[in-house]
Amino acid sequence: MTNPSNPSNGDDDTPQDPLSEMLAKMFGGGGAGGFDPQEIARAAGLPSDPAAMAMMMQQVQAMFSAQSEGPVNWKMAHEQARRVAASDNDPSVTALQRRSVDESLKLAEMWLDPVTDFPSTGQLGRAWSRAEWVEATMTTWRRLTEPVATSIAKALSDVISDQLPEEMKSMMGMMGGPSSMLQNVGGAMFGMQLGQAVGALSKDVVGSTDIGVPLADGRMALLPANVAAFGAGLDVPEQEVQLFLAVREAAHVRLFTHIPWLTGHLLGSIERYARGIHIDMGKIEEAARDIDPTNPESLQGALSQGVFMPERTPEQDAALVRLETTLALVEGWVDEVTAAAAANLPSAGAMREMVRRRRATGGPAEHAFAALVGLELRPRRLRDAAALWALLLEERGAEGRDALWQHPDLLPTAEDLDDPAGFTDRRKLLESSDADVDAALQRLLAGDFEPTGDASDASDAAVTPGDTPADGAAAGDAAPSDGDGGTPPDASGDDPDASGDDPDAGGPDPDGTKAG
(Lines give C-alpha, C1' and ligand atoms only; values in the text may rest on other atoms or scores of the structure.)
Protein backbone atom coordinates (compact mmCIF):
# COMPACT_ATOMS: atom_id res chain seq x y z
CA MET A 1 0.00 0.00 0.00
CA THR A 2 1.29 3.45 -0.86
CA ASN A 3 1.88 5.98 1.86
CA PRO A 4 -0.53 8.81 0.97
CA SER A 5 1.85 11.42 2.29
CA ASN A 6 4.64 10.20 0.01
CA PRO A 7 3.17 8.14 -2.79
CA SER A 8 5.19 6.70 -5.62
CA ASN A 9 4.30 5.50 -9.07
CA GLY A 10 5.39 1.96 -8.28
CA ASP A 11 8.40 2.14 -10.63
CA ASP A 12 10.80 4.25 -8.58
CA ASP A 13 11.05 6.11 -5.29
CA THR A 14 10.41 9.58 -6.73
CA PRO A 15 7.66 11.32 -4.69
CA GLN A 16 4.57 12.22 -6.67
CA ASP A 17 1.78 14.67 -5.93
CA PRO A 18 -1.18 12.55 -4.69
CA LEU A 19 -3.77 14.49 -6.67
CA SER A 20 -1.65 14.38 -9.81
CA GLU A 21 -1.19 10.62 -9.52
CA MET A 22 -4.85 10.04 -8.82
CA LEU A 23 -6.10 12.12 -11.74
CA ALA A 24 -3.44 10.70 -14.06
CA LYS A 25 -4.67 7.21 -13.34
CA MET A 26 -8.30 8.33 -13.64
CA PHE A 27 -8.03 10.15 -16.92
CA GLY A 28 -4.75 9.11 -18.49
CA GLY A 29 -4.09 5.44 -17.91
CA GLY A 30 -5.77 2.48 -16.36
CA GLY A 31 -6.90 0.81 -19.56
CA ALA A 32 -9.36 1.65 -22.27
CA GLY A 33 -12.02 2.84 -19.88
CA GLY A 34 -9.66 5.26 -18.19
CA PHE A 35 -10.81 4.20 -14.68
CA ASP A 36 -8.99 1.62 -12.62
CA PRO A 37 -10.46 1.24 -9.10
CA GLN A 38 -7.35 -0.52 -7.78
CA GLU A 39 -5.08 2.28 -8.99
CA ILE A 40 -7.36 4.85 -7.38
CA ALA A 41 -7.27 2.92 -4.12
CA ARG A 42 -3.49 2.71 -4.24
CA ALA A 43 -3.07 6.43 -4.95
CA ALA A 44 -5.46 7.37 -2.15
CA GLY A 45 -4.07 4.86 0.33
CA LEU A 46 -7.37 2.97 0.54
CA PRO A 47 -8.02 -0.80 0.64
CA SER A 48 -8.48 -2.47 -2.75
CA ASP A 49 -11.98 -3.77 -2.15
CA PRO A 50 -13.54 -4.08 -5.64
CA ALA A 51 -17.13 -3.57 -4.44
CA ALA A 52 -16.26 -0.54 -2.31
CA MET A 53 -14.10 0.89 -5.06
CA ALA A 54 -16.84 0.47 -7.64
CA MET A 55 -19.35 2.38 -5.49
CA MET A 56 -16.79 5.04 -4.69
CA MET A 57 -15.85 5.48 -8.33
CA GLN A 58 -19.48 5.89 -9.33
CA GLN A 59 -19.77 8.84 -6.98
CA VAL A 60 -16.47 10.38 -8.07
CA GLN A 61 -17.27 9.93 -11.75
CA ALA A 62 -20.71 11.45 -11.19
CA MET A 63 -19.11 14.46 -9.54
CA PHE A 64 -16.79 15.11 -12.48
CA SER A 65 -19.31 14.41 -15.20
CA ALA A 66 -22.49 15.82 -13.64
CA GLN A 67 -24.06 18.57 -15.70
CA SER A 68 -26.27 21.24 -14.16
CA GLU A 69 -28.10 24.31 -15.36
CA GLY A 70 -26.24 26.60 -12.95
CA PRO A 71 -23.29 26.71 -10.58
CA VAL A 72 -25.01 24.29 -8.16
CA ASN A 73 -26.09 20.80 -9.12
CA TRP A 74 -29.64 20.83 -7.74
CA LYS A 75 -30.44 17.47 -9.28
CA MET A 76 -27.69 15.88 -7.22
CA ALA A 77 -28.92 17.75 -4.12
CA HIS A 78 -32.41 16.38 -4.70
CA GLU A 79 -31.20 12.83 -5.21
CA GLN A 80 -28.96 12.95 -2.14
CA ALA A 81 -31.81 14.31 0.01
CA ARG A 82 -34.07 11.47 -1.13
CA ARG A 83 -31.34 8.95 -0.44
CA VAL A 84 -30.71 10.22 3.10
CA ALA A 85 -34.43 10.48 3.87
CA ALA A 86 -34.94 6.87 2.82
CA SER A 87 -32.08 5.57 4.98
CA ASP A 88 -32.85 4.13 8.43
CA ASN A 89 -36.24 2.98 7.19
CA ASP A 90 -38.79 5.36 5.71
CA PRO A 91 -42.00 3.34 5.43
CA SER A 92 -44.77 4.45 3.13
CA VAL A 93 -47.71 6.09 4.84
CA THR A 94 -50.64 3.70 5.27
CA ALA A 95 -54.27 4.48 4.52
CA LEU A 96 -55.03 4.31 8.25
CA GLN A 97 -52.32 6.89 9.01
CA ARG A 98 -53.60 9.21 6.29
CA ARG A 99 -57.13 9.07 7.70
CA SER A 100 -55.88 9.61 11.25
CA VAL A 101 -53.81 12.66 10.25
CA ASP A 102 -56.69 14.15 8.27
CA GLU A 103 -59.08 13.73 11.20
CA SER A 104 -56.56 15.25 13.62
CA LEU A 105 -56.06 18.30 11.43
CA LYS A 106 -59.83 18.76 10.98
CA LEU A 107 -60.31 18.64 14.76
CA ALA A 108 -57.42 21.06 15.20
CA GLU A 109 -59.15 23.51 12.86
CA MET A 110 -62.31 23.33 14.98
CA TRP A 111 -60.36 23.98 18.18
CA LEU A 112 -58.66 27.02 16.61
CA ASP A 113 -61.90 28.74 15.55
CA PRO A 114 -62.72 30.25 18.98
CA VAL A 115 -59.16 31.44 19.78
CA THR A 116 -58.14 33.33 16.63
CA ASP A 117 -59.75 35.82 14.29
CA PHE A 118 -58.35 34.00 11.25
CA PRO A 119 -60.90 31.56 9.75
CA SER A 120 -60.23 27.97 8.76
CA THR A 121 -58.40 27.39 5.49
CA GLY A 122 -60.63 24.46 4.56
CA GLN A 123 -57.62 22.38 3.50
CA LEU A 124 -57.44 18.62 3.51
CA GLY A 125 -54.81 17.25 5.85
CA ARG A 126 -51.93 15.32 4.33
CA ALA A 127 -49.76 12.56 5.77
CA TRP A 128 -46.27 12.37 4.29
CA SER A 129 -43.32 10.04 4.44
CA ARG A 130 -39.89 11.66 4.77
CA ALA A 131 -39.24 11.25 1.06
CA GLU A 132 -42.58 12.91 0.27
CA TRP A 133 -41.63 15.82 2.55
CA VAL A 134 -38.38 16.22 0.57
CA GLU A 135 -40.35 16.28 -2.69
CA ALA A 136 -42.80 18.86 -1.34
CA THR A 137 -40.17 21.20 0.11
CA MET A 138 -37.14 20.99 -2.18
CA THR A 139 -38.19 23.94 -4.34
CA THR A 140 -38.31 26.19 -1.29
CA TRP A 141 -34.96 24.90 -0.03
CA ARG A 142 -33.46 25.80 -3.37
CA ARG A 143 -34.88 29.32 -3.15
CA LEU A 144 -33.57 29.76 0.39
CA THR A 145 -30.06 28.49 -0.28
CA GLU A 146 -29.36 29.42 -3.92
CA PRO A 147 -27.59 32.76 -3.27
CA VAL A 148 -25.05 31.37 -0.81
CA ALA A 149 -24.88 28.01 -2.59
CA THR A 150 -23.86 29.70 -5.82
CA SER A 151 -21.09 31.63 -4.07
CA ILE A 152 -19.71 28.60 -2.29
CA ALA A 153 -19.81 26.39 -5.40
CA LYS A 154 -17.87 29.00 -7.36
CA ALA A 155 -15.33 29.38 -4.53
CA LEU A 156 -14.83 25.62 -4.44
CA SER A 157 -14.19 25.34 -8.16
CA ASP A 158 -11.79 28.33 -8.10
CA VAL A 159 -9.74 26.91 -5.22
CA ILE A 160 -9.55 23.43 -6.71
CA SER A 161 -8.49 24.92 -10.04
CA ASP A 162 -5.70 26.93 -8.37
CA GLN A 163 -4.36 23.81 -6.65
CA LEU A 164 -4.27 21.62 -9.77
CA PRO A 165 -0.80 21.04 -11.27
CA GLU A 166 -0.35 22.49 -14.74
CA GLU A 167 -0.08 19.06 -16.34
CA MET A 168 -3.45 18.12 -14.86
CA LYS A 169 -5.01 21.28 -16.26
CA SER A 170 -3.67 20.36 -19.72
CA MET A 171 -5.00 16.82 -19.39
CA MET A 172 -8.43 18.09 -18.33
CA GLY A 173 -8.38 20.59 -21.19
CA MET A 174 -8.40 17.68 -23.62
CA MET A 175 -11.59 16.47 -21.91
CA GLY A 176 -13.58 19.66 -22.36
CA GLY A 177 -11.64 22.20 -20.32
CA PRO A 178 -10.78 22.43 -16.62
CA SER A 179 -13.08 25.36 -16.02
CA SER A 180 -16.34 23.61 -16.88
CA MET A 181 -15.27 20.35 -15.28
CA LEU A 182 -14.22 21.96 -12.01
CA GLN A 183 -17.36 24.05 -11.96
CA ASN A 184 -19.27 20.79 -12.13
CA VAL A 185 -17.17 19.44 -9.24
CA GLY A 186 -17.81 22.49 -7.06
CA GLY A 187 -21.52 22.49 -7.82
CA ALA A 188 -21.78 18.76 -7.22
CA MET A 189 -19.86 18.93 -3.94
CA PHE A 190 -22.17 21.58 -2.53
CA GLY A 191 -25.24 19.89 -3.98
CA MET A 192 -24.35 16.63 -2.25
CA GLN A 193 -23.91 18.30 1.11
CA LEU A 194 -27.08 20.38 0.79
CA GLY A 195 -28.98 17.20 -0.02
CA GLN A 196 -27.40 15.59 3.04
CA ALA A 197 -28.63 18.45 5.25
CA VAL A 198 -32.17 18.50 3.83
CA GLY A 199 -32.40 14.72 4.07
CA ALA A 200 -31.32 14.84 7.72
CA LEU A 201 -33.95 17.50 8.44
CA SER A 202 -36.61 15.23 6.98
CA LYS A 203 -36.01 12.90 9.93
CA ASP A 204 -36.60 15.65 12.51
CA VAL A 205 -39.53 17.75 11.27
CA VAL A 206 -43.10 16.77 12.14
CA GLY A 207 -44.92 18.93 9.57
CA SER A 208 -44.62 21.34 6.67
CA THR A 209 -44.08 24.44 8.85
CA ASP A 210 -41.96 22.96 11.63
CA ILE A 211 -39.11 25.46 11.21
CA GLY A 212 -41.44 28.47 11.20
CA VAL A 213 -41.32 28.94 7.42
CA PRO A 214 -43.94 27.56 4.98
CA LEU A 215 -41.78 25.10 3.07
CA ALA A 216 -44.57 23.40 1.12
CA ASP A 217 -46.48 26.30 -0.47
CA GLY A 218 -48.99 26.54 2.37
CA ARG A 219 -49.96 22.87 2.38
CA MET A 220 -50.94 21.36 5.74
CA ALA A 221 -49.31 18.03 6.56
CA LEU A 222 -47.83 15.83 9.28
CA LEU A 223 -45.18 13.08 9.09
CA PRO A 224 -46.57 10.12 11.12
CA ALA A 225 -43.16 8.46 11.59
CA ASN A 226 -41.65 11.64 13.02
CA VAL A 227 -44.72 12.38 15.14
CA ALA A 228 -44.29 8.97 16.75
CA ALA A 229 -40.59 9.67 17.33
CA PHE A 230 -41.45 13.04 18.90
CA GLY A 231 -43.74 11.39 21.44
CA ALA A 232 -41.41 8.52 22.27
CA GLY A 233 -40.54 8.54 25.97
CA LEU A 234 -43.13 11.21 26.89
CA ASP A 235 -45.60 8.75 28.41
CA VAL A 236 -48.35 10.52 26.46
CA PRO A 237 -50.81 8.68 24.19
CA GLU A 238 -49.72 8.92 20.56
CA GLN A 239 -53.10 10.31 19.48
CA GLU A 240 -52.77 13.16 21.99
CA VAL A 241 -49.29 13.97 20.69
CA GLN A 242 -50.59 13.98 17.13
CA LEU A 243 -53.51 16.27 18.05
CA PHE A 244 -51.22 18.80 19.74
CA LEU A 245 -48.83 18.88 16.78
CA ALA A 246 -51.81 19.09 14.40
CA VAL A 247 -52.99 22.25 16.17
CA ARG A 248 -49.55 23.82 15.73
CA GLU A 249 -49.47 22.89 12.04
CA ALA A 250 -52.97 24.22 11.43
CA ALA A 251 -52.19 27.46 13.29
CA HIS A 252 -49.08 28.05 11.17
CA VAL A 253 -50.99 27.43 7.94
CA ARG A 254 -53.84 29.75 8.99
CA LEU A 255 -51.43 32.56 9.68
CA PHE A 256 -49.50 32.19 6.43
CA THR A 257 -52.68 31.72 4.38
CA HIS A 258 -54.55 34.77 5.68
CA ILE A 259 -51.52 37.08 5.82
CA PRO A 260 -50.31 36.91 2.19
CA TRP A 261 -47.33 39.24 2.65
CA LEU A 262 -45.80 37.18 5.46
CA THR A 263 -44.40 34.32 3.39
CA GLY A 264 -42.74 36.65 0.89
CA HIS A 265 -41.44 38.81 3.74
CA LEU A 266 -39.77 35.89 5.50
CA LEU A 267 -38.37 34.22 2.39
CA GLY A 268 -37.28 37.59 0.99
CA SER A 269 -35.47 38.43 4.24
CA ILE A 270 -33.64 35.11 4.12
CA GLU A 271 -32.70 35.63 0.47
CA ARG A 272 -31.39 39.15 1.12
CA TYR A 273 -29.39 37.90 4.07
CA ALA A 274 -27.91 35.06 2.02
CA ARG A 275 -26.96 37.31 -0.88
CA GLY A 276 -24.93 39.50 1.45
CA ILE A 277 -22.98 36.66 3.02
CA HIS A 278 -19.20 36.93 2.81
CA ILE A 279 -17.50 33.67 1.88
CA ASP A 280 -14.35 32.93 3.85
CA MET A 281 -11.90 31.88 1.14
CA GLY A 282 -9.35 30.78 3.74
CA LYS A 283 -11.72 28.12 5.01
CA ILE A 284 -12.54 27.06 1.47
CA GLU A 285 -8.84 26.60 0.70
CA GLU A 286 -8.24 24.68 3.92
CA ALA A 287 -11.15 22.36 3.17
CA ALA A 288 -10.02 21.76 -0.39
CA ARG A 289 -6.57 20.71 0.86
CA ASP A 290 -8.04 18.26 3.37
CA ILE A 291 -10.79 16.72 1.25
CA ASP A 292 -10.00 13.42 -0.44
CA PRO A 293 -11.94 13.47 -3.75
CA THR A 294 -12.09 9.68 -3.81
CA ASN A 295 -13.68 9.50 -0.36
CA PRO A 296 -17.19 11.02 -0.21
CA GLU A 297 -17.28 10.50 3.57
CA SER A 298 -14.31 12.84 4.04
CA LEU A 299 -16.12 15.45 1.92
CA GLN A 300 -19.28 15.22 3.98
CA GLY A 301 -17.31 15.27 7.23
CA ALA A 302 -15.41 18.40 6.27
CA LEU A 303 -18.49 20.27 5.12
CA SER A 304 -20.62 19.27 8.11
CA GLN A 305 -18.00 20.66 10.52
CA GLY A 306 -18.77 24.15 9.30
CA VAL A 307 -15.66 24.83 7.26
CA PHE A 308 -17.84 26.79 4.87
CA MET A 309 -19.48 28.84 7.61
CA PRO A 310 -19.61 32.37 6.15
CA GLU A 311 -18.40 35.32 8.20
CA ARG A 312 -21.14 37.85 8.96
CA THR A 313 -20.74 41.59 8.56
CA PRO A 314 -22.40 44.10 10.93
CA GLU A 315 -25.02 44.70 8.24
CA GLN A 316 -25.72 40.98 8.12
CA ASP A 317 -26.01 40.84 11.90
CA ALA A 318 -28.62 43.62 11.77
CA ALA A 319 -30.51 41.76 9.03
CA LEU A 320 -30.38 38.60 11.10
CA VAL A 321 -31.88 40.40 14.11
CA ARG A 322 -34.82 41.53 11.96
CA LEU A 323 -35.28 38.04 10.58
CA GLU A 324 -35.11 36.42 14.01
CA THR A 325 -37.63 38.94 15.36
CA THR A 326 -40.15 38.00 12.67
CA LEU A 327 -39.54 34.28 13.24
CA ALA A 328 -40.02 34.80 16.99
CA LEU A 329 -43.29 36.67 16.40
CA VAL A 330 -44.59 33.85 14.19
CA GLU A 331 -43.59 31.12 16.64
CA GLY A 332 -44.75 33.11 19.69
CA TRP A 333 -48.19 33.66 18.13
CA VAL A 334 -48.50 29.98 17.19
CA ASP A 335 -47.34 28.99 20.69
CA GLU A 336 -50.02 31.14 22.36
CA VAL A 337 -52.84 30.16 20.00
CA THR A 338 -51.97 26.47 20.27
CA ALA A 339 -51.92 26.63 24.07
CA ALA A 340 -55.41 28.14 24.07
CA ALA A 341 -56.82 25.74 21.47
CA ALA A 342 -55.33 22.58 23.03
CA ALA A 343 -56.06 23.48 26.65
CA ASN A 344 -58.32 20.44 26.98
CA LEU A 345 -55.44 18.03 26.29
CA PRO A 346 -54.06 16.73 29.62
CA SER A 347 -50.41 16.90 28.56
CA ALA A 348 -50.61 20.10 26.51
CA GLY A 349 -48.44 22.04 28.99
CA ALA A 350 -45.63 19.48 28.94
CA MET A 351 -45.67 19.23 25.14
CA ARG A 352 -45.71 23.02 24.83
CA GLU A 353 -42.54 23.28 26.91
CA MET A 354 -40.89 20.50 24.90
CA VAL A 355 -41.65 22.28 21.64
CA ARG A 356 -40.34 25.57 23.04
CA ARG A 357 -37.02 24.02 24.00
CA ARG A 358 -36.78 22.14 20.73
CA ARG A 359 -37.37 25.30 18.67
CA ALA A 360 -35.05 27.45 20.78
CA THR A 361 -32.04 25.11 20.67
CA GLY A 362 -32.48 23.21 17.41
CA GLY A 363 -31.44 19.66 16.71
CA PRO A 364 -28.32 18.19 15.06
CA ALA A 365 -29.87 18.45 11.60
CA GLU A 366 -30.63 22.15 12.05
CA HIS A 367 -27.08 22.76 13.25
CA ALA A 368 -25.68 20.94 10.20
CA PHE A 369 -27.84 23.04 7.89
CA ALA A 370 -26.80 26.25 9.66
CA ALA A 371 -23.12 25.31 9.35
CA LEU A 372 -23.57 24.73 5.63
CA VAL A 373 -25.33 27.97 4.67
CA GLY A 374 -24.53 30.24 7.61
CA LEU A 375 -28.16 30.70 8.65
CA GLU A 376 -30.01 29.47 11.72
CA LEU A 377 -33.80 29.51 11.37
CA ARG A 378 -34.45 29.50 15.11
CA PRO A 379 -36.72 31.87 17.07
CA ARG A 380 -34.36 32.66 19.93
CA ARG A 381 -36.92 35.01 21.50
CA LEU A 382 -39.93 32.73 21.30
CA ARG A 383 -40.81 33.13 25.00
CA ASP A 384 -40.62 36.92 24.83
CA ALA A 385 -42.86 36.94 21.78
CA ALA A 386 -45.37 34.59 23.41
CA ALA A 387 -45.53 36.85 26.48
CA LEU A 388 -46.19 39.86 24.26
CA TRP A 389 -49.02 38.14 22.35
CA ALA A 390 -50.58 36.98 25.63
CA LEU A 391 -50.55 40.56 26.94
CA LEU A 392 -52.06 41.89 23.72
CA LEU A 393 -54.84 39.30 23.94
CA GLU A 394 -55.77 40.64 27.39
CA GLU A 395 -55.71 44.25 26.20
CA ARG A 396 -57.24 43.98 22.73
CA GLY A 397 -58.89 40.58 22.43
CA ALA A 398 -58.18 38.05 19.66
CA GLU A 399 -59.42 40.39 16.91
CA GLY A 400 -57.24 43.31 18.01
CA ARG A 401 -54.23 41.07 18.55
CA ASP A 402 -54.50 39.39 15.17
CA ALA A 403 -55.09 42.73 13.40
CA LEU A 404 -51.42 43.57 14.00
CA TRP A 405 -50.52 41.05 11.29
CA GLN A 406 -52.30 43.04 8.59
CA HIS A 407 -49.19 45.05 7.67
CA PRO A 408 -45.47 44.63 8.49
CA ASP A 409 -45.34 48.18 9.88
CA LEU A 410 -47.88 47.22 12.54
CA LEU A 411 -45.89 44.29 13.90
CA PRO A 412 -44.06 44.55 17.21
CA THR A 413 -40.32 45.19 17.06
CA ALA A 414 -37.32 43.87 18.94
CA GLU A 415 -37.79 46.75 21.38
CA ASP A 416 -41.31 45.50 22.08
CA LEU A 417 -39.95 42.04 22.82
CA ASP A 418 -37.59 43.65 25.34
CA ASP A 419 -40.50 45.43 27.07
CA PRO A 420 -43.86 43.82 26.24
CA ALA A 421 -45.70 45.84 28.92
CA GLY A 422 -44.75 49.12 27.26
CA PHE A 423 -45.94 48.15 23.78
CA THR A 424 -49.37 49.80 24.03
CA ASP A 425 -48.03 53.10 25.39
CA ARG A 426 -45.35 53.27 22.70
CA ARG A 427 -47.90 52.46 20.01
CA LYS A 428 -50.28 55.18 21.29
CA LEU A 429 -47.52 57.77 21.05
CA LEU A 430 -46.67 56.64 17.53
CA GLU A 431 -50.32 56.61 16.43
CA SER A 432 -50.85 60.07 17.97
CA SER A 433 -47.85 61.45 16.10
CA ASP A 434 -49.02 59.91 12.86
CA ALA A 435 -52.52 61.35 13.35
CA ASP A 436 -51.09 64.86 13.84
CA VAL A 437 -49.05 64.58 10.67
CA ASP A 438 -52.04 63.27 8.71
CA ALA A 439 -54.25 66.11 9.96
CA ALA A 440 -51.64 68.72 9.03
CA LEU A 441 -51.28 67.24 5.55
CA GLN A 442 -55.03 67.26 5.06
CA ARG A 443 -55.23 70.95 6.02
CA LEU A 444 -52.32 71.76 3.73
CA LEU A 445 -53.90 69.95 0.78
CA ALA A 446 -57.23 71.67 1.47
CA GLY A 447 -55.54 75.09 1.41
CA ASP A 448 -56.70 76.12 4.89
CA PHE A 449 -53.51 75.62 6.84
CA GLU A 450 -53.72 78.69 9.11
CA PRO A 451 -52.08 79.34 12.48
CA THR A 452 -54.38 78.50 15.37
CA GLY A 453 -52.48 80.27 18.11
CA ASP A 454 -50.90 77.03 19.30
CA ALA A 455 -47.16 76.90 19.67
CA SER A 456 -46.83 74.29 16.92
CA ASP A 457 -48.87 76.34 14.41
CA ALA A 458 -47.19 79.61 15.37
CA SER A 459 -43.78 78.19 14.64
CA ASP A 460 -44.93 77.36 11.11
CA ALA A 461 -46.52 80.76 10.40
CA ALA A 462 -44.25 83.13 12.34
CA VAL A 463 -41.70 84.00 9.63
CA THR A 464 -42.87 87.00 7.61
CA PRO A 465 -41.10 89.04 4.91
CA GLY A 466 -38.51 91.22 6.51
CA ASP A 467 -37.97 89.05 9.56
CA THR A 468 -34.52 87.78 10.25
CA PRO A 469 -33.96 84.07 10.94
CA ALA A 470 -33.61 84.93 14.61
CA ASP A 471 -36.93 86.72 14.58
CA GLY A 472 -38.64 83.81 12.90
CA ALA A 473 -37.22 81.38 15.38
CA ALA A 474 -38.17 83.49 18.35
CA ALA A 475 -41.64 84.37 17.18
CA GLY A 476 -42.88 80.87 17.67
CA ASP A 477 -41.93 80.92 21.33
CA ALA A 478 -43.59 82.67 24.23
CA ALA A 479 -41.95 85.94 25.25
CA PRO A 480 -39.15 85.30 27.73
CA SER A 481 -40.06 85.52 31.38
CA ASP A 482 -38.19 87.25 34.16
CA GLY A 483 -34.64 86.16 34.48
CA ASP A 484 -34.56 83.93 31.40
CA GLY A 485 -31.94 86.03 29.65
CA GLY A 486 -34.14 86.52 26.59
CA THR A 487 -33.78 89.29 24.01
CA PRO A 488 -35.73 92.46 24.86
CA PRO A 489 -39.04 92.44 23.02
CA ASP A 490 -38.29 95.61 21.07
CA ALA A 491 -34.92 94.41 19.77
CA SER A 492 -36.30 93.51 16.35
CA GLY A 493 -38.62 96.47 16.08
CA ASP A 494 -41.68 94.20 16.00
CA ASP A 495 -44.84 94.75 18.03
CA PRO A 496 -44.48 92.62 21.17
CA ASP A 497 -48.05 91.37 20.72
CA ALA A 498 -47.53 90.33 17.05
CA SER A 499 -47.18 86.69 17.95
CA GLY A 500 -50.72 86.51 19.24
CA ASP A 501 -49.56 85.24 22.62
CA ASP A 502 -51.21 86.14 25.88
CA PRO A 503 -49.76 89.49 27.01
CA ASP A 504 -49.27 88.05 30.47
CA ALA A 505 -47.01 85.35 29.07
CA GLY A 506 -44.09 87.73 28.65
CA GLY A 507 -43.74 88.89 32.27
CA PRO A 508 -45.38 90.70 35.14
CA ASP A 509 -46.01 93.97 33.20
CA PRO A 510 -49.48 93.53 31.55
CA ASP A 511 -48.73 95.80 28.60
CA GLY A 512 -45.69 93.76 27.60
CA THR A 513 -43.40 96.84 27.56
CA LYS A 514 -41.02 95.31 30.04
CA ALA A 515 -39.39 91.92 29.95
CA GLY A 516 -38.06 92.14 33.43
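This dialogue goes through some features of a predicted model.

Biologist: What does the protein consist of, in helices and strands?

Modeller: The model is predicted, and it has 21 helices and two strands. Of its 516 residues, 45% count as buried. Among contacts between residues at least 6 apart in sequence, 74% join residues at least 24 apart.

Biologist: How many residues does helix H5 have, and what should they span?

Modeller: The reasoning uses a rise of 1.5 Å a residue. H5 runs over residues 95-112, which is 18 residues, so it should span 26 Å. Its end C-alpha atoms are 26 Å apart, in agreement with that value.

Biologist: Which residues of H5 are buried?

Modeller: Buried here means under 20% relative accessible area. In H5 the buried residues are Ser-100, Val-101, Asp-102, Ser-104, Leu-105, Ala-108, Glu-109, Trp-111 and Leu-112.

Biologist: What covers the buried residues of H5?

Modeller: The cover includes both strand E1 (126-127) and strand E2 (221-222). It also includes helix H9 (224-231), helix H10 (238-258) and helix H14 (314-341).

Biologist: How many aromatic pairs does the structure hold, and how should one be read?

Modeller: A pair of aromatic rings is described by the distance of the centres and the angle of the planes. The structure holds three such pairs. One of them is formed by Phe-118 and Trp-333, with 5.7 Å from centre to centre and 50 degrees between the planes. That pair is tilted, because tilted covers plane angles that are neither under 30 degrees nor over 60.

Biologist: Where do Phe-118 and Trp-333 lie?

Modeller: Phe-118 is in the loop between H5 and E1, while Trp-333 is in helix H14. The pair therefore ties together parts that are 215 residues apart in sequence.

Biologist: Is Phe-118 buried or exposed?

Modeller: Phe-118 counts as buried, at 5% relative accessibility. Trp-333 is buried too, with a relative accessible area of 1%.

Biologist: Next, a glycine in a loop. Where does Gly-207 lie, and what is it in contact with?

Modeller: Gly-207 belongs to the loop between helix H8 (178-201) and E2. Its relative accessible area is 3%, so it is buried. With neighbours within four places in sequence left aside, Gly-207 is in contact with Trp-133, Ala-221, Leu-222, Leu-223 and Glu-249. A distance can be set beside the sequence separation: Gly-207 and Ala-250 are 43 residues apart in sequence, and their C-alpha atoms are 9.8 Å apart in space.

Biologist: How many cavities of 30 Å³ or more does the structure hold?

Modeller: There are three. The largest has a volume of about 100 Å³. It is lined by 13 residues, of which Val-206, Asp-210, Leu-245, Arg-248 and Glu-249 are the closest to its centre.

Biologist: Which helix gives the most to the lining of the largest cavity?

Modeller: H10 does, with four residues. H10 and helix H15 (348-361) each supply at least two. By class, the lining of the largest cavity has five nonpolar, three polar and five charged residues.

Biologist: What is the volume of the second largest cavity, and which residues line it?

Modeller: The second largest cavity has a volume of about 70 Å³. Its lining is made up of Trp-141, Leu-201, Ile-211, Glu-366, Phe-369, Ala-370, Leu-375, Glu-376, Leu-377 and Arg-378. Helix H16 (residues 364-373) gives the most to this lining, with three residues. Seven residues of the lining are nonpolar and three are charged, with no polar residue.

Methods:
Residues are numbered from 1 along each chain as its sequence is written. This is a predicted model: local features need pLDDT of at least 70, side-chain atom pairs count only at pLDDT 80 or more; totals for chains, interfaces and linings use all residues. Side-chain values use heavy atoms; hydrogens and water are left out. The expected span of a helix is 1.5 Å times one less than its number of residues. Buried means under 20% relative accessible area, exposed over 50%, partly exposed in between (1.4 Å probe, protein chains only). Contact means heavy atoms within 4.5 Å. Rings of Phe, Tyr and Trp (its six-membered ring) pair if their centres lie within 6.5 Å; planes under 30 degrees apart count as stacked, over 60 as edge-to-face and the rest as tilted. On a 1 Å grid over the protein atoms alone, a cavity is a set of points where a 1.4 Å probe fits but cannot get out, and a pocket is an open set with protein on both sides within 12 Å along at least five of seven lines; lining residues have an atom within 4 Å of a point. Grid points are joined across faces, edges and corners, and a volume is the space filled by probe spheres set on the points. Ala, Val, Leu, Ile, Met, Phe, Trp, Tyr, Cys and Pro count as nonpolar, Asp, Glu, Lys and Arg as charged, and the others, Gly among them, as polar.
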